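Work through the exercises below with the sequence and the 3D view side by side. Try each task before reading its solution.

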Amino acid sequence: MKQIYYTFRSLSQNKAATTIKVLSLTLGLGMSIILFAGIAYTLSYNKCLRDYDSIYQLMMQFETAGNKSDITRQCYGKLAGSLYEELPDVIESAVAMRDLGNCFDMADGRNLPYFTTAADSLFFETMGINVISGNPRMDLQQNDVIYVSTRMVDEVFHGENPVGTQLIRGHDKATIKGVFEALPANCDITCDIVLSLPLLLNRGIGYFGWDGGSGWTEFVRLKDKDIDPERLHALINQVTERHAPPADDNSCETFAVSIRDTILKNSDIRHRLMILGALALALFLITALNYALMSISTLSKRAKAIGVHKCCGADSNTIFGMFVWETVTITLIALLLMGIMLGLFNDTISEFTGDPLTEMLNADRAWVIVVVALMMVAVGAAIPGRLFARVPVSQVFRRFSERNNGWKRVLLFIELVGVSFVFAWLCATSLQYRHLRTADKGYDSDLLVQVENMTLDISPEAIYNFIRSHQAVEGIASSYSCPAFGYSGEYIRDDNGNIIFSSRTDDCSPNYVEVMGMTLLAGRAPQQEGEAIVNQEFLRQSGLPENTSPTAGEGLFTNAERGRVRITGIVKDFNIGGFYDEQEPIIMHYIGNPASPFTVRLKQPVNESIKLLNESLGDYMGNDGFWILQVSELGANGYSSIKIMIFIFSLAIIIIVIITSMGMIGFINDEIQRKSKEIAIRKINGATAREVVELLCSNMLKTAVPAVAIGTLAAWFFQRAWFSQYSTVVSGIGLWYVAIALLIIIVVIAVVALMTQRIAKENPVTSLRNE
């Protein structure tokens, strides 16, 4: 108890130092805990599903003309059902599903902002989702049935039983027959509405077969979760080959991946977790070691008090225990303040990180807070406590001066490594994000919007003409997709029916290239059925030279669905789906009648034109009858992960600068005090103030230069893996790293120079008298 008493007395007597320590721990530990909890939250994906170890997601890889595609989560529609029927000893249940987005309204016309998934009758059984009411095995075989989550019941129906309520999807009506338990955000199943699959298939939405239409998400539940993976792979592909036998020019392979591992199959998420882990560790070490550095810097001031304690009978273990209790007390206060701050900024942090903070820090991940706090006490108390415990009793009678400052330099070195790593990563990533947003896409995304018709009460032709005549519109065209979204695919065959390669495909109106701001290199736009335009990559993969005449003849390629196609024009390559993959080939076929979504080219200023068009369409179609999306924002959404990382690193660098500044100022002040006699003697011997400043700056450079170099190189190493996912990288990135490193060193030296001005100009007699 005496140790605790003396701890509180010491903290109360050093209010300024205690406040600084609490502030640094509050910021540093708070950010570290959020990052570590976020990593744990991501790694716990899908563990909310019952017996998740038995659930496997099906994935496919296609090979066309010797070229293998990436492994995709999109499968043939009948794959899961065939495995369930033909492998009864292995597969307990299976499901095929398709996401539909937010597509349901209440009967009174209110739009429901809840994600919908169409699935077959074994959905809940396969995915291990608890059903509160209803019989989904029977209900989801019917044509017009939906199940809703408990979250939707609470928010829309205010806890009342929704069974029997009808929801509207266009001209279709579906009846709620059951309720299922809502799932947390860290789950691949994100729907709050489950629609019976027959309704989708009867409307012809999505091809459900074995010879194409690979747009279905599918899962199986195994009877034996410990089955040999190689045996499972062989059995699954035996079924696949029976229904989709390999040919000379194309084949496919099916993979089953445990749902607990699917999150780590995403290279973007793997890289993000690796970088966030490095940031969290760096931030924790900076916080803990900065605390130790601030404590050690007060050693000369607290030595006499320690000597008094030892004169009164305290041994080294007692002194060490006092500093452990001091660290524990400050850590607990910091955690309390951290909780208050996170409560105040919960919504802001959740919005920018993309994950709900309350779920990241729920009871399941309370161990993260405990582990980080214990590590903080271990690191923050062990180093200074050991040094303080070794202070001799004689310090009661004379001034103590610690001659071995190696500990302090090591701690400052590690802090500067962390600062350099985070700052270099932040600057380079911000440059890359700006490059991705401004890089030439091959079309004018800033002037374009997509207008989607959400009502069947007005014909597409009428909507097309209304938009075309609007004062804010420069042009309008039709297509079924958009470069920012990406496209479906089709096989390109020669005249003998042999597959040459797989290409992206779309249908477009004759003025589509002009409205999009694409560059037509040769020929003309398609004007009638059987005509199409292609990009340069299409020509390269087809084996034709780029100077091929677009009117070289009919039947250059044969498509299984469309027959012979005449290429009438060649368009310059444009970016498809973001700068993640290499340029893909695309063929765009003729479409005659206006079709939604419409691609609209607006007049400047764009924001004002969007506002005017939105108001006019609201009056014409009703506020729920359409939506408008800016194409440039669609492209930016594809880089949302890098935007989140910039926010996290920006917040981290602010915290790190605050923490490191506290530690570095304490270190410099301690160095000035320790070297005061040496500086005074040098000045008496003729040294100028400038030479004194240069002496202290050169000492700091010995620590700062290698630390900054290591931190910057570490950022480059981690970012090399991060940037590898992009097909284009900002030019001269290596020079930027050098510039960033030099900037950090200049700032450090500037701080040292400013802080040493006083001692450099002080009368040396005064310094010696104080000594």
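**Exercise 1: An open sheet**

Val451 stands opposite Phe598 in E21. This is a predicted model, where local features need pLDDT of at least 70, side-chain atom pairs count only at pLDDT 80 or more, and totals for chains, interfaces and linings use all residues. Residues are numbered from 1 along each chain as its sequence is written, and side-chain values use heavy atoms, with hydrogens and water left out.

Task: find how many bridges join strand E12 to strand E21, then give the strand order of the sheet.

Solution.
- Step 1. Locate E12 at residues 448-453 and E21 at residues 598-602. Strands here are DSSP runs (E, at least two residues), and helices are runs of H or I of at least four residues; both are numbered from the N terminus.
- Step 2. Count the bridges: 4 join E12 to E21, and the two strands run antiparallel. Two strands pair if DSSP finds at least two bridges between them.
- Step 3. Write the order of the open sheet of 4 strands: E13-E21-E12-E22, with antiparallel pairing.
- Step 4. Mark the edges. E13 (473-478) and E22 (626-630) each have a single partner strand, so one side of each has no neighbour in the sheet.
- Step 5. Add the twist, which averages 25° from one strand to the next.

**Exercise 2: Helices across the sheet**

Task: state which strands helix H16 and helix H19 lie across.

Solution.
- Step 1. Take H16 (residues 460-468). It lies across E12, E13 and E21, running at about 155° to E13. Axes are lines fitted to C-alpha atoms, for helices over the stretch in contact, and angles run from 0 to 180 degrees between N-to-C directions.
- Step 2. Take H19 (residues 606-621). This helix lies across E12, E13, E21 and E22, at about 170° to E22.

**Exercise 3: Aromatic pairs**

Task: count the aromatic pairs, then classify the pair Phe62 and Tyr76.

Solution.
- Step 1. Apply the rule: rings of Phe, Tyr and Trp (its six-membered ring) pair if their centres lie within 6.5 Å; planes under 30 degrees apart are stacked, over 60 edge-to-face, the rest tilted.
- Step 2. The count comes to 9 aromatic pairs.
- Step 3. The rings of Phe62 and Tyr76 have centres 5.6 Å apart and planes at 70°, so this pair is edge-to-face.
- Step 4. Place the partners. Phe62 is in strand E1 (residues 55-64), and Tyr76 is in the loop between strand E2 (67-68) and helix H3 (79-86), 14 residues apart.
- Step 5. Check burial. Both Phe62 and Tyr76 are buried, meaning under 20% relative accessible area (exposed is over 50%, partly exposed in between; 1.4 Å probe, protein chains only).
- Step 6. Repeat for Phe501 and Phe538. Their centres are 5.1 Å apart and their planes at 75°, so they too are edge-to-face. Phe501 lies in strand E15 (residues 499-508) and Phe538 in helix H18 (residues 536-542), so the pair ties together parts 37 residues apart in sequence. Phe501 counts as buried at 2% relative accessibility, and Phe538 is buried at 0%.

**Exercise 4: One glycine**

Task: is Gly30 buried or exposed, and what is it in contact with?

Solution.
- Step 1. Find Gly30 in helix H2 (residues 15-43).
- Step 2. Read its relative accessibility, 5%; Gly30 therefore counts as buried.
- Step 3. Set aside neighbours within four places in sequence. Gly30 is then in contact (heavy atoms within 4.5 Å) with Leu25 and Met338.
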